[in-house]
Amino acid sequence: IRHSPYYRTWCSQQFLEAVLRDYVATLPDVELRFGWRLDSFEPRDEGSRAHLTEVATGEKVSVDADYLAACDGARSVIRKTLGIELDGRGTMGEVWGTHFRAPTLMDAIPHAPAVVSWAVAPGSSGVVYTLNGRDEWWMNKYFRADEPFSNIDPVAQLHAAIGADIPVEIISSQSYKANQLVADRFVAGR
């Protein structure tokens with residue numbers, strides 16, 4: 001809280017990315033490419049040469065840049081190539097995340113409106129986040145260390161968590177490991 005004068009706004013990544021993308025598109029020295037993968041790069045004194053592949057077609061290109069920013073997530077090719085290590089508590093546990101649409105969920109939550117609701121129902125502990133304040137949501141079901149990790153029925157989990165049998169459309173549902181890690185440094189050359 002002390003690092004920012006305002007902390008009560010919730011903004012889903014999908015909406016923030018759209019705002020940032022639209023702004024970056026107005027910059028004259030920027031070329032946006034969607035659907036491309038960074039395969040490798042060569043750091044140089046004067047910048048970097050990045051080797052990219054268009055995922056849909058397999059087309060390969062090399063791009064020279066004055067600077068290369070590692071905005072490529074936890075499994076960053078850039079971070080690994082530069083030898084930047086991750087440090088922290090490591091894997092906190094297994095999580096099952098579900099992105100879903102439920103137009104009547106806000107009415108079913110007893111203490112709505114809320115950005116995040118904690119579910120403490122037996123067998124359905126986790127959190128439910130609103131993504132757009134209306135009908136789009138995310139639920140994380142957390143597995144305890146002593147609880148066997150297994151595939152779940154996301155609709156049944158949601159119904160158990162909120163205690164109501166409401167209509168739900170699953171957009172995506174998958175497991176992942178929750179990690180608490182941070183890069184040991186944030187700059188390496190250009």
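Start with the largest nonpolar core, a set of 13 residues. A core here is a set of buried Ala, Val, Leu, Ile, Met, Phe, Trp, Tyr and Cys residues joined through side-chain atoms within 4.5 Å; buried means under 20% relative accessible area, exposed over 50%, and partly exposed in between, with a 1.4 Å probe and protein chains only. Select Phe 100, Ala 102, Leu 105, Val 128, Trp 137, Met 139 and Leu 158: these are the members that touch the most others.

Before you click on, bear in mind that this is a predicted model, in which local features need pLDDT of at least 70, side-chain atom pairs count only at pLDDT 80 or more, and totals for chains, interfaces and linings use all residues. Residues are numbered from 1 along each chain as its sequence is written, and side-chain values use heavy atoms, with hydrogens and water left out.

Now colour α3 (105–108), β7 (136–142) and α4 (154–162), each of which supplies at least two residues of the core. The largest share, three residues, comes from α4. Helices (H or I, at least four residues) and strands (E, at least two) are DSSP runs, numbered from the N terminus.

Next, centre on Leu 105. Skip its neighbours within four places in sequence, and its contacts (heavy atoms within 4.5 Å) are Phe 100, Val 128, Trp 137, Ile 162 and Ile 166. Another core lies apart from the big one: six residues, including Phe 41, Ala 50, Leu 52 and Val 61.

Then switch to cartoon for the sheet. Three strands make an open sheet in the order β1-β2-β3, with antiparallel pairing; two strands count as paired if DSSP finds at least two bridges between them. At the edges sit β1 (36–44) and β3 (60–65), each pairing on one side only. From one strand to the next, the twist averages 20°, taking axes as lines fitted to C-alpha atoms (for helices, over the stretch in contact) and angles from 0 to 180 degrees between N-to-C directions.

Zoom in on the pairings. β1 and β2 run antiparallel, joined by eight bridges, and form a hairpin with two residues between them. Pick Arg 37 and you'll find its bridge partner in β2, Thr 53. On the other side, β2 (residues 47–54) pairs with β3 over six bridges, again antiparallel. Try His 51 here: opposite it in β3 stands Ser 62.

Last stop: Pro 122, in the loop between β5 (116–121) and β6 (124–130). Pro 122 counts as exposed because its relative accessibility is 79%. Draw a C-alpha to C-alpha distance from Pro 122 to Thr 91: they are 31 residues apart in sequence and 24 Å apart in space.
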